[in-house]
Amino acid sequence: MEHQPLLKGAGQPSKLPTWTLLLAVCAAGIGGTFQYGYNVSVINAPTEHIHKFLNDTWQRRYQAELSSSMLTLLWSTIASIFSLGGLFGAHLGGSLAIRLGRKGALLMNNFIAILAAILMGISFPAGLYELLIVGRFLIGMNTGIGLCVQPLYIGEAAPKHLRGAMVMGSSIFLTGGILTGQVIGLRELLGGEAYWHFLLSSSCFPAFIQLLTLPWFPESPRFLFIDQGDEMKCIKAMKRFHGPLNYQAEMEDIQKERFALGGEAAKKPWQLFTDRSIRWQLITILLLTMGQQLSGINAIYFYASYVFEEAGIPRENIPYVTLGTGACECLTALTCGLLIESMGRRVLILGGYSLMTLWCIVLTFSLTYQVYSWAPYLSMACIFAFILSFGLGPGGVTNTLTTELFTQSSRPAAYMIAGSVSWLSFFTIGMLFPFIVKGLKQYCFIVFLLECCLVVIFISFVIPETKNKTFLEIKREFHKLNFGRSKEQEGELCERQHLSNEF
């Protein structure tokens with residue numbers, strides 16, 4: 001019998017997740033978004049050692065010094081190929097989730113991570129930087145698939161009253177990966193010159209952990225019933241995820257959604273752009289995904305080392321202080337997970353962007369008057385406050401909304417589109433950000449201030465609260481925007497007629 005932290009009577013939803021659901025979130029997260037955070041983080045520590053490896057390899061291979069321009073090109077390729085792999089993985093993730101199932105796609109994805117780890121690990125002893133480039137592409141592809149499929153799996157497995165908190169597991173494991181990478185990358189551990197290739201290849205361990213743990217958990221119940229038509233397996237999975245006494249209401253919601261979809265096959269990404277019934281849901285996800293990447297969080301990390309140094313922290317101790325930013329992100333992800341079901345998605349994301357707007361103003365002011373003794377400390381406080389606000393708002397809620405705004409047939413394609421936009425935005429800001437900083441210096445935060453303000457206005461007028469609502473109820477909320485009020489009423493009437501005919 002399934003054990004639960006809290007067991008209610010029949011038909012009463014448990015306020016806490018079952019242990020099966022909670023452990024499934026952990027099993028999916030360790031090989032999913034954890035890999036993204038970890039591999040974004042670990043590449044920073046061995047930068048100098050990789051430069052030396054490139055120089056030595058070039059010298060040994062061509063008996064000539066590696067020019068600075070060629071070194072920059074090779075290093076830029078190693079760093080940016082990760083984004084290209086992520087973009088490819090985002091395109092692949094939705095298709096794999098449809099063909100192999102959500103759990104099957106996550107399990108298959110681990111073999112890509114293991115291959116990437118092997119290639120990066122042997123690149124140094126083999127003297128082949130090409131293997132490092134291929135390995136970084138493959139691990140980027142792995143993270144692109146994981147970012148797409150993990151929240152899809154958990155969002156479909158969780159009951160509606162816990163969906164936000166469970167999907168927040170994606171952000172919790174992502175920030176946990178960043179912090180773990182910062183710790184493992186310290187020079188006392190694997191950040192030294194002799195161990196950097198082991199640091200990069202250590203991404204195989206999360207993959208092995210997921211391969212050992214995830215097979216013990218069921219497939220997504222919605223995928224089993226709506227996509228595969230297997231009601232018995234769906235009920236079995238629901239009993240394990242929700243408890244044997246608490247699954248009936250959620251099962252009714254799945255049956256209603258399956259009937260409303262009328263056997264509609266999973267959509268391709270390009271079909272979403274021509275479907276008027278999800279027009280504003282798609283616009284919402286596109287803008288929120290771009291807003292997340294273009295919000296200024298990258299600028300905050302860029303200025304962090306400078307601000308810490310100005311505050312009097314010795315350069316050699318800055319990596320340890322930077323751990324505070326990683327810990328700060330972890331703390332906010334956990335806090336958001338605890339608050340999202342009580343405060344709602346709309347309040348958190350509106351509050352997050354509003355506070356980020358405020359910190360952009362204060363940080364621009366403090367960086368402008370850095371000559372005063374108090375200014376570096378104010379700047380340092382702003383950096384941590386901005387990270388806290390980002391984690392409570394856009395960093396945590398965006399993934400949850402991507403899950404909730406779409407029904408079963410559109411959700412994988414929506415994640416493919418959102419993932420692609422996220423990786424393209426990540427790549428674009430990486431290319432343009434140095435020029436923005438060089439041209440505007442500390443005033444670059446005015447650009448991010450305007451972006452945050454625009455997102456706040458959009459959220460205020462467009463996004464409804466989705467807390468504790470079924471996917472069909474959320475879809476009806478958007479009928480007012482997609483078709484107008486009369487069309488919404490017509491859609492509700494048609495649905496009631498269909499349901500009455502069915503029963």
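I began at glutamine 63, which sits in the loop between helix H3 (47–62) and helix H4 (68–99). This is a predicted model, and I read every entry below with that in mind.

**Loop residues**

I looked up the backbone of glutamine 63 and found a positive phi of about 50 degrees, although the residue is not a glycine. I noted the background: most residues other than glycine have a negative phi. Is glutamine 63 buried or exposed? Its relative accessible area is 60%, and exposed means over 50%, so glutamine 63 counts as exposed.

I then went to asparagine 468, in the loop between helix H21 (444–462) and helix H22 (471–477). Asparagine 468 also has a positive phi, of about 60 degrees, and is not a glycine. I put asparagine 468 down as partly exposed because its relative accessibility is 41%, and that class lies between the 20% and 50% cut-offs.

**Overall form**

I counted secondary structure next: the protein has 24 helices and 0 strands. The radius of gyration is 24 Å and the globule rule gives 23 Å for 503 residues, so I recorded the protein as being as compact as a globular protein of that length. Along the principal axes, the C-alpha atoms fill a box of roughly 80 × 50 × 45 Å.

I checked burial over the whole protein and got 55% of the 503 residues. For contacts with a separation of 6 or more, I found that residues 24 or more positions apart account for 81%. The exposed surface comes to about 21400 Å², with 67% of it supplied by carbon and sulfur atoms. I also looked at charge: there are 37 positive and 33 negative charges, and their mean positions are 4 Å apart.

**Helices**

How many residues of helix H2 (residues 33–42) are buried? I found 9 of its 10, so I wrote the helix down as mostly covered. Among the buried residues of H2 are the aromatics Phe34, Tyr36 and Tyr38, along with Gln35 and Asn39.

Helix H5 (residues 102–126) has 25 residues, and I took its reach from first C-alpha to last as 37 Å, close to the 36 Å expected at 1.5 Å a residue. Just after H5 comes glycine 127, with a positive phi near 70 degrees.

I ran the length check on helix H18 (residues 375–392) too. Its 18 residues should span 26 Å at 1.5 Å a residue, and its end C-alpha atoms are 26 Å apart, so the two agree. I listed some of the buried residues of H18, including Met380, Cys382, Ile383, Phe386, Ile387 and Phe390. Pro376, Ser379 and Ser389 are buried in H18 as well.

**Two buried residues**

I placed threonine 357 in helix H17 (residues 345–368). Which residues does threonine 357 touch, not counting those up to four places away in sequence? I found Leu449, Cys452 and Cys453. Threonine 357 has a relative accessible area of 11%, under the 20% cut-off, so I entered it as buried.

My last stop was proline 17, in the segment before helix H1 (19–30). Proline 17 is buried, because its relative accessible area is 10% and buried means under 20%. I took one distance from there: proline 17 and lysine 52 are 35 residues apart in sequence, and their C-alpha atoms are 50 Å apart in space.

Definitions and conventions: Residues are numbered from 1 along each chain as its sequence is written. This is a predicted model: local features need pLDDT of at least 70, side-chain atom pairs count only at pLDDT 80 or more; totals for chains, interfaces and linings use all residues. Side-chain values use heavy atoms; hydrogens and water are left out. Helices (H or I, at least four residues) and strands (E, at least two) are DSSP runs, numbered from the N terminus. The radius of gyration is taken over C-alpha atoms; the globule rule is 2.2 Å times the number of residues to the power 0.38. Buried means under 20% relative accessible area, exposed over 50%, partly exposed in between (1.4 Å probe, protein chains only). Contact means heavy atoms within 4.5 Å. Accessible areas come from the Shrake-Rupley method with a 1.4 Å probe; for residues, only the protein chains shown count as cover. Lys and Arg count as positive and Asp and Glu as negative; His and the chain ends are not counted. The place of a charge is taken as NZ of Lys, CZ of Arg, CG of Asp or CD of Glu. The expected span of a helix is 1.5 Å times one less than its number of residues.
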